[in-house]
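This report describes how the parts of one protein chain are held against one another, beginning with its aromatic side chains. Please read it alongside the sequence and the model shown here.

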Amino acid sequence: MRTRLLLPLLLLLLAACQSVHLERDFDPERDFGAYRTWSWQEPALQYRPADPRLRSDLTEQRMRAAVADQLDQRGLRQAPPGKTGDFRVQVWLIVDQRQSQVTTYSGGYWGNPWYGYWGGPGYGETRTYDYQVGTLQIDFYDSRDDKLVWRGSAQQTLRSGPYSPAERTRMIRETVTKVLSQYPPH
């Protein structure tokens, strides 16, 4: 009985963990139609924390390729080497450690006022779950005045366990696509 009650809660929790929370912010005074070319703001990819398990040349290559592909699909061209584009791009990869507590109750009294109540003592059990939340944030800076003009981010719960190179590439491409789906601002 207890397992049947706990299963829907766990399924709901897992479904919530898979969702991606998107956010964006931008300067409404900017003419985003005037931006035609872009370049990287070095360092192009920032990590928080600067953990070597997260930070790698492979991750940076995947991220640069995914961002360049999405910007190209939006008609924005990368400035030639040595030139600065109309805006500069910087990406942040942030991983936070979080905890969640789930309390389940069982036992106690059952029945109704017509036939009386019966049962035994009730108790509650609280479990703590540790998990990681990943945030991918993409910032655009105007090259003329170095001001942040657009920011998009995606946040989601990361599953535990190793990821294959193909999974990493797919996840980065999908997340970058979701973040940049909010550009240009409408």
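Phe26, Phe32, Tyr35, Phe87, Phe140, Trp150 and Tyr183 form one aromatic cluster, where rings of Phe, Tyr and Trp (for Trp, its six-membered ring) pair if their centres lie within 6.5 Å, with planes under 30 degrees apart counted as stacked, over 60 as edge-to-face and the rest as tilted. The model is a predicted one, in which local features need pLDDT of at least 70 and side-chain atom pairs count only at pLDDT 80 or more, whereas totals for chains, interfaces and linings use all residues. Residues are numbered from 1 along each chain as its sequence is written, and side-chain values use heavy atoms, with hydrogens and water left out.

**Aromatic pairs**

A pair of aromatic rings is described by the distance of the centres and the angle of the planes. The count of aromatic pairs under the rule above comes to 10, and two that involve tyrosine 183 are set out below.

| Pair | Centre to centre | Angle between planes | Geometry |
|---|---|---|---|
| Phenylalanine 32 and tyrosine 183 | 5.8 Å | 80° | edge-to-face |
| Phenylalanine 87 and tyrosine 183 | 6.4 Å | 40° | tilted |

The pair of phenylalanine 32 and tyrosine 183 links distant parts of the chain, 151 residues apart: phenylalanine 32 is in the loop between strand E1 (21-26) and strand E2 (37-48), and tyrosine 183 is in the segment after helix H3 (165-180). Helices (H or I, at least four residues) and strands (E, at least two) are here DSSP runs, numbered from the N terminus. Phenylalanine 32 is buried, with a relative accessible area of 13%, and tyrosine 183 is buried as well, at 5%; buried means under 20% relative accessible area, exposed over 50%, and partly exposed in between (1.4 Å probe, protein chains only). Phenylalanine 87 lies in strand E4 (residues 87-112) and tyrosine 183 in the segment after H3, so their pair ties together parts that are 96 residues apart in sequence.

Phenylalanine 87 counts as buried at 1% relative accessibility. Leaving aside neighbours within four places in sequence, phenylalanine 87 is in contact with Tyr35, Thr37, Trp38, Ser39, Leu76, Phe140, Tyr141, Asp142 and Ser143, contact meaning heavy atoms within 4.5 Å. The C-alpha atoms of phenylalanine 87 and aspartate 145 are separated by 9.8 Å, although these residues are 58 residues apart along the chain.

**The nonpolar core**

The largest nonpolar core has 29 residues, and those with the most contacts inside it are Val89, Val91, Ile138, Phe140, Trp150 and Val176; such a core is a set of buried Ala, Val, Leu, Ile, Met, Phe, Trp, Tyr and Cys residues joined through side-chain atoms within 4.5 Å. At least two residues of this core come from each of E2, H2, E4, strand E5 (116-142), strand E6 (148-158) and H3. Valine 89, again without its neighbours within four places in sequence, is in contact with Trp38, Ser39, Trp40, Gln41, Val67, Leu71, Ile138, Asp139 and Phe140.

**Helix H2**

The 17 residues of helix H2 (residues 57-73) should span 24 Å at 1.5 Å a residue, which agrees with the 24 Å between its end C-alpha atoms; the expected span is 1.5 Å times one less than the number of residues. Within H2, Thr59, Arg62, Met63, Ala66, Val67, Gln70 and Leu71 are buried. These buried residues cover an arc of only 155° around the axis, which puts them on the same side of H2, the arc being that of the directions from the helix axis to the C-beta atoms. The exposed residues Asp57, Leu58 and Gln61 are carried by the face of H2 turned away from its buried side. Arginine 64 has its charged end over the ring of tryptophan 40, 5.0 Å from the ring centre, the criterion being NZ of Lys or CZ of Arg within 6 Å of the ring centre and within 35 degrees of the ring normal.

**Backbone features and the chain as a whole**

Just after H2, glycine 75 takes a positive phi of about 85°. Aspartate 146, a residue other than glycine, also has a positive phi, near 60°, and is placed in the loop between E5 and E6. A cis peptide bond with omega of about -5° joins glutamate 42 and proline 43, and proline 43 is in strand E2. The peptide bond from tyrosine 183 to proline 184 is cis too, with omega near -5°.

The chain has 3 helices and 6 strands, which run α-β-β-α-β-β-β-β-α from the N terminus on. Of its 186 residues, 32% count as buried. Among contacts in the chain with a separation of 6 or more, 74% are accounted for by residues 24 or more positions apart.
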